[in-house]
Amino acid sequence: MLTRAQLHSRRRGAPVSPRRPLRLGIELSTIEPWIELTGPPGGAEYPLDTPLRVQAADLRDAYLKVAAIRDEVGHDVPTLLDVEVMIAQDSRSARTSLAILDSALRTVRRPASLLYIGTPRGLAGLIADIHTLGIADGVMLRPLVVPGVLSRILDDVLPALYPAGLRPCEDAMEFLRRVAAGRQLRPA
């Protein structure tokens, strides 16, 4: 059975299956530039096009916003859906971590885009689905807590995306491993 997004894209003539490889980025801070985790398909001599980032409340909103972008600027412009992430070994621990984080805030936190709370395996599935259904070319991960979440992204999420076509940039991976190790060694 097809989802609404698949039916809608078929009616509009847009491809359901992705034409481009899965793209993935990570934003460690709102004041620092984000990092592309996807390696160029032909090596360094063929750099990746800079993607347009999309913020959406849910997958339907994301699909509609990306479709509008593609209608306006064409299908050749890559798109990444921003996803705020809180992951842990199990969903209950992820929700508890988010509650602890939110309790330390002075104001109510409002997600700027799609929010995923759960397991690394579930996040990998969401990313693969976003790409496979053609909702976007990939995802910009925005970890809500960098040390633990970043390690889980590197150790659990990325390897689970290799079968979906993720080809990571080794330089970016090495940099993120150093960031994760450095942040975990700092005293609280």
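**A guided look at helices, a core and a buried arginine**

Visitor: What span should helix 3 (residues 91-103) have at 1.5 Å a residue?
Guide: Helices here are DSSP runs of H or I with at least four residues, numbered from the N terminus. Helix 3 has 13 residues, and the expected span is 1.5 Å times one less than the number of residues. Its end C-alpha atoms sit 18 Å apart, which agrees with the expected 18 Å.

Visitor: What kind of model is this?
Guide: Residues are numbered from 1 along each chain as its sequence is written, and side-chain values use heavy atoms, with hydrogens and water left out. Local features need pLDDT of at least 70, side-chain atom pairs count only at pLDDT 80 or more, and totals for chains, interfaces and linings use all residues, since this model is predicted.

Visitor: Is Arg 70 buried or exposed?
Guide: Arg 70 is part of helix 2 (residues 59-73). Buried means under 20% relative accessible area, exposed over 50%, partly exposed in between (1.4 Å probe, protein chains only). Arg 70 comes in at 14%, so it counts as buried.

Visitor: Which residue has its backbone oxygen 3.1 Å from a polar atom of the Arg 70 side chain?
Guide: Leaving aside neighbours within four places in sequence, Arg 70 is in contact (heavy atoms within 4.5 Å) with residues including Arg 20, Asp 137 and Gly 134. The backbone oxygen at 3.1 Å is that of Gly 134.

Visitor: Which helix gives the most to the largest nonpolar core?
Guide: That core has 47 residues, and Ile 26 and Leu 150 are among those with the most contacts inside it. With eight residues, the top contributor is helix 5.

Key. Core = buried A, V, L, I, M, F, W, Y, C linked by side-chain atoms within 4.5 Å. Helix = DSSP H or I, 4+ residues; strand = E, 2+ residues; numbered from the N terminus. Polar contact = N/O pair within 3.5 Å; in protein donor to acceptor, adjacent residues only side chain to side chain.
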